[in-house]
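Biologist: Please take a close look at the ligand site. Which residues form the shell around the ligand, and how do they divide into nonpolar, polar and charged?

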Amino acid sequence: MKVFVVGANGQIGQHLVRLLSESKEHSVRAMIRKEEQAKAFEQWGAETVVANLEGSVEGIMEAANGCEAIVFTAGSGGHTGADKTILVDLDGAVKTIEAAEQLGIMRFIMVSSIHANKREKWSNAIKPYHAAKYYADKALIASRLNYTIVRPGALVNEPGTGKVSAGEELARGEISREDVAATIAAALNEEHIFKRGFDLVSGETPITDALKSI
Ligand code: NAP
């Protein structure tokens, strides 16, 4: 499957592009924001395309055209204000969903955030971020796409272990970005998690078994 990765130059994004490029099952088109970011992807032989989530739906469609799945792992980051959270994490995600629907790219994996689906659990410090994730996920749930919403706990940069805990409602925890990327790659063809979401934290279960247990 040819996978369009939005947020490919990010930390999860780069792990994911590498894993998909190495896999026999998938190929990848990495969406980046600046031409000079393309160099990092040459080592994996990954295709790149320049587009911006603050641009038009048509711009995203042009970039994604010909792909068979989309992974959204972009985010404005904690260093920006709530304005960028709305424009990138919310509107950028909704524009990507609209682009997928218009292009008929049915498989869509969204990187959300643990407990973003439960208002009462939103953290006071990052409420606008959780609200952005909540409404982006809601737009995806309302779409006709075969979505899976992955809700990771706090991201860390430890090397992946290949073992996680995945379930519809888990306690807050941490997870390595490399394990999030490996879970996304393994989830692409898992039809039993189409139109569903799950929390993801570090754990003791091999990724493929953890996905099967959801
Ligand atoms: P990251 O390293 O900050 O990567 C985010 C990517 O989004 C970057 O590559 C960035 O591009 C891209 N981006 C930002 N604005 C954009 C725009 N306007 N158009 C196109 N791309 C844009 O993030 P990460 O650590 O890999 O996290 C990935 C996802 O996990 C995010 O959705 C985040 O909300 C979610 N998440 C984070 C946590 C956490 O603990 N931090 C927990 C749960 C979920 P540039 O490289 O050009 O800057």
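Modeller: Ala, Val, Leu, Ile, Met, Phe, Trp, Tyr, Cys and Pro count here as nonpolar, Asp, Glu, Lys and Arg as charged, and the others, Gly among them, as polar. By that scheme the shell around the ligand has ten nonpolar, eleven polar and four charged residues. This is a predicted model, in which local features need pLDDT of at least 70, side-chain atom pairs count only at pLDDT 80 or more, and totals for chains, interfaces and linings use all residues. Residues are numbered from 1 along each chain as its sequence is written, and side-chain values use heavy atoms, with hydrogens and water left out.

There are 25 residues around the ligand (a heavy atom within 4 Å of it), and those that come nearest are Gly10, Arg33, Ala74, Tyr129 and Arg177. Helix 1 (11-22), helix 5 (127-142) and strand 7 (154-156) each supply at least two residues of this shell; helices (H or I, at least four residues) and strands (E, at least two) are DSSP runs, numbered from the N terminus.

Polar contacts are pairs of N or O atoms within 3.5 Å. A polar side-chain atom of Gln37 lies 2.8 Å from a ligand oxygen. Polar backbone atoms also approach ligand oxygen atoms, at 2.8 Å for Ile12 and at 3.2 Å for Gly75. On its own the ligand has 930 Å² of accessible area (Shrake-Rupley, 1.4 Å probe), of which the protein covers 82%.

Note on methods. A polar contact is a pair of N or O atoms within 3.5 Å; within protein, one must be able to donate a hydrogen and the other to accept it, and residues adjacent in sequence count only if both atoms are side-chain atoms.
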